[in-house]
Structure formats: C-alpha cells, structure tokens
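Work through the exercises below with the sequence and the model at hand. Each task is followed by a worked solution.

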Amino acid sequence: MAVYTEVTDEELTAFVAQYDVGAVLSAKGIAEGVENSNYLIHTEAGFFILTLYEKRVKEDDLPFFIGLMEHLAAKGLTCPQPVRMRGGGALGRLAGRPAAIVTFLDGMGVKRPGVPHCGAVGEALARLHLAGADFGMRRANALSVQGWRPLYEAARERADTVTPGLAEATARALAGLEANWPRGLPEGVIHADLFPDNVFFLGPRLSGLIDFYFACTDALAYDLAICLNAWCFEVDGSFNLTKGRAMIAGYERVRPLTPPEAEALPLLCRGAALRFMLTRLVDWLNVPPGALVKPKDPLEYYRKLRFHERATCAADYGRDA
Ligand SMILES: Nc1ncnc2c1ncn2[C@@H]1O[C@H](COP(=O)(O)OP(=O)(O)O)[C@@H](O)[C@H]1O
Ligand SMILES: N[C@@H](CCOP(=O)(O)O)C(=O)O
C-alpha cells in the first residue's frame with residue numbers, strides 16, 4: 001500500500017477548503033502505487049484523487065506534469081485533470097509535502113493483460129505521442145541512461161543479497177548500454193511508466209491513462225520499449241510474441257516507427273529493463289520504516305534484461321520485417 005505520508009483530518013479539511021469541491025465526506029489511503037501517497041477523497045462534489053508527491057518527484061517538475069495532463073486532455077486524451085484552487089493554482093502543500101487534487105477516472109487496470117489489451121495500449125501510446133507533439137514544456141528524463149549509474153552505485157554493495165552475482169551482471173549490462181545507447185531518435189513527450197496499473201479499461205475498452213509523474217522528453221520508441229516490457233511478458237518469464245506483435249502493430253497504426261527506431265528496439269528494451277530493475281532494486285533495499293508499501297520485485301526485470309540481451313532485431317518483438 002503506498003501511503004508514505006499520513007494526513008490528519010484537520011489538515012485534510014483545511015487543504016480541501018481551498019477548492020470549490022464542498023466538504024470532505026470521506027477519505028482513504030489507496031493500496032496501489034509505489035511512488036507517491038494517494039488518497040481517494042469523496043467530497044460534496046464527487047470523488048477525487050489527492051496525491052502527496054514523495055521522494056522521486058522534484059517540486060520543480062510539478063508544473064510540467066500538471067501542464068501536460070491539461071494539454072493532453074485538451075487534445076482529447078482521457079487522463080486525470082488537475083483541479084484548480086479558488087486562487088487558480090493547482091499545487092499546494094499538505095502534511096509537509098507538495099500536493100494536488102485530480103479528477104477521478106472510471107475504469108480499472110487489468111491484472112492479466114491479453115492480446116487485445118496490448119494492441120489498445122500500443123495505439124493509445126502512439127496517440128499520446130502525437131498529442132504531446134505541440135506541448136510547450138520540456139523535462140529531461142532523469143531516469144535515462146545517465147541516471148542509471150548513480151542508481152547502480154546506490155545498490156551495488158547489497159545487490160548480491162538479492163541474488164548472487166547481481167552486482168557484476170548489472171555492471172556489465174550498464175557498461176554495454178552506456179557505450180551503445182541510441183542517440184538522435186525522434187523525441188517528444190513520453191509517459192515513461194505506462195504499466196498495466198496505469199491504463200484503465202472499462203470492459204474491453206481502454207478508458208484512460210493515469211500517473212504522469214515520470215513523463216518527460218525522450219525518445220518516443222523508448223516509451224514503446226517500456227510498454228513491451230511491462231505488458232508482453234508472461235508470468236513464467238517468456239516474451240509473448242503475439243502480444244508484442246499486437247502492441248507494435250497498434251502503435252504503428254497511429255505512428256509508424258522510423259527505420260532507426262525499429263533497429264534500436266532491442267537496445268531500447270534492454271535499457272528499459274535495466275531502468276526498472278535498478279529503481280526496483282534501490283527501493284527493495286531501502287523500504288522506509290513504517291511506510292505502507294510493497295516493493296516490486298527487481299528480479300522480474302533482471303530476467304527481462306537477460307531476454308533482451310539475446311534479441312537482435314525488431315522481429316524478435318513481433319514487428320513484421
Ligand atoms: N485519477 C485517478 N482516478 C482513479 N483512480 C486513480 C487515479 N489516480 C490514481 N488512482 C488510483 O491510485 C493508484 C495509485 O496511483 P498512481 O498514480 O499509480 O500512484 P503512484 O504514482 O504512487 O505509483 C492507481 O493504481 C489507481 O488505483
Ligand atoms: N511501474 C514501476 C513503479 C512505479 O509505480 P507506479 O505505481 O507509479 O506505476 C515498476 O513497476 O517498477
């Protein structure tokens with residue numbers, strides 16, 4: 001359960017009083033998520049999500065996330081909308097953390113994605129990329145290749161307590177990616193964390209995208225690599241080529257990959273696997289005392305990394321040659 005910061009009833013009432021949403025009727029901490037503290041609040045105006053931004057979110061980046069959600073919604077994408085206070089601002093402070101209220105989206109993440117879900121996500125991802133093309137703000141990706149070594153250093157000493165040999169294998173993978181990371185691919189706004197818990201479905205229909213707090217400016221195809229990792233592996237660790245094919249085809253129906261993007265896919269998938277392995281490893285080794293959070297398994301991404309190290313071309317992910 002991700003609630004790092006507890007909020008008293010008095011603090012909550014005073015915070016919500018700055019908005020035109022009526023009085024708070026109830027509030028409860030949300031079990032899902034690992035990054036921020038989230039509460040579902042019910043007020044006289046309906047349901048909302050209250051987010052308190054935690055360690056990985058820099059306060060300076062918040063206007064980018066808020067502006068992006070507003071921009072994407074204006075372009076027709078269904079995503080949470082920041083609720084503005086009476087004074088016009090969307091960001092406040094609560095229990096010592098930066099905080100915001102956003103609209104509640106109907107729908108649910110799927111626990112076991114099927115092939116049609118993967119196709120729908122590929123298509124939605126490409127629509128997000130097109131919708132973000134004229135967004136006026138930029139945010140560098142702090143968790144791209146230059147951000148991986150500090151994470152590795154933070155985890156190196158205790159990595160082998162998770163599985164023997166992990167520190168050395170990670171060092172090798174990191175050095176390979178630092179030396180060969182693709183440059184010059186088409187860039188734009190990427191979601192950078194479009195995992196199954198961040199995509200809502202109502203029945204079979206994709207109903208909305210949430211959690212834009214890793215969004216940044218980076219290679220568009222890297223976002224597709226993140227999704228291939230997050231959606232197309234089975235619980236036994238195998239890559240499901242049919243899901244990969246559906247996702248890539250869904251993406252390309254809206255935005256065809258350029259030849260350099262297609263060629264870079266195996267490296268981008270390797271990088272995406274290492275990125276999530278490293279953040280999970282750091283979190284696994286550093287659970288804050290008292291926090292209600294279940295850290296995610298870094299070894300799941302270690303296994304994905306090993307798969308990508310054997311891949312040679314986009315066809316290994318289901319893209320037709
Ligand atoms: N706008 C929203 N509408 C409905 N539910 C939401 C919304 N935002 C977050 N949630 C719920 O809260 C959970 C955690 O949100 P998320 O943004 O993924 O947290 P974190 O950034 O901590 O990972 C989601 O899985 C979802 O259940
Ligand atoms: N998706 C990341 C962790 C970030 O959690 P989220 O709940 O914000 O998606 C991972 O799986 O490592």
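The exercises cover domains, ligand shells, loops and a strand pair.

This is a predicted model, in which local features need pLDDT of at least 70, side-chain atom pairs count only at pLDDT 80 or more, and totals for chains, interfaces and linings use all residues. Residues are numbered from 1 along each chain as its sequence is written, and chains are lettered from A and ligands numbered from 1 in the order in which they are written.

**Exercise 1. Describe the contact between the two domains.**

Step 1. The domain assignment, which is automatic or from a database, gives domain 1 (9-103) and domain 2 (115-317).
Step 2. Taken over C-alpha atoms, the centres of domain 1 and domain 2 are 26 Å apart.
Step 3. Domain 1 puts 19 residues into the contact and domain 2 puts in 21 residues; two residues are in contact if their C-beta atoms, placed from the backbone, lie within 7 Å.
Step 4. On the side of domain 1 that touches domain 2, helix α2 (residues 62-74) supplies the largest share, seven residues. Helices (H or I, at least four residues) and strands (E, at least two) are DSSP runs, numbered from the N terminus.
Step 5. That side of domain 1 has 10 nonpolar, five polar and four charged residues. Here Ala, Val, Leu, Ile, Met, Phe, Trp, Tyr, Cys and Pro count as nonpolar, Asp, Glu, Lys and Arg as charged, and the others, Gly among them, as polar.

**Exercise 2. Characterise the shells around ligand 1 and ligand 2.**

Step 1. Around ligand 1 there are 19 residues, of which Glu32, Gly33, Glu35, Pro80 and Asp211 come nearest. A residue is near a molecule or strand if its C-beta atom, placed from the backbone, lies within 6 Å of it.
Step 2. The ligand 1 shell splits into 10 nonpolar, five polar and four charged residues, and at least three residues come from each of domain 1 and domain 2.
Step 3. The residues around ligand 2 include Gly33, Glu35, Asp193, Asn198, Asp211 and Lys296.
Step 4. The ligand 2 shell has three nonpolar, three polar and six charged residues.
Step 5. Ligand 2 lies between domain 1 and domain 2, because both give residues to its shell.

**Exercise 3. Is aspartate 211 buried or exposed, and what is the sign of its phi?**

Step 1. Aspartate 211 is in the loop between β8 (205-209) and β9 (216-219).
Step 2. Aspartate 211 has 23 other C-beta atoms within 10 Å, so it is buried. The cut-offs are 20 or more such atoms for buried, 12 or fewer for exposed, and in between for partly exposed, with C-beta atoms placed from the backbone.
Step 3. Its phi is near 65°, a positive value in a residue other than glycine. Most residues other than glycine have a negative phi.

**Exercise 4. Where is threonine 78, and which residues does it touch?**

Step 1. Threonine 78 sits in the loop between α2 and β4.
Step 2. With 17 other C-beta atoms within 10 Å, threonine 78 is partly exposed.
Step 3. Leaving out residues up to four places away in sequence, threonine 78 touches Leu105, Ser207 and Gly208.

**Exercise 5. Describe strand β1 and its pairing.**

Step 1. Strand β1 (residues 24-29) has six residues, and the number buried is zero, so this strand lies largely in the open.
Step 2. Five bridges join β1 to strand β2 (residues 37-43), and the two run antiparallel; strands pair if DSSP finds at least two bridges between them.
Step 3. Within this pairing, valine 24 stands opposite threonine 43 in β2.
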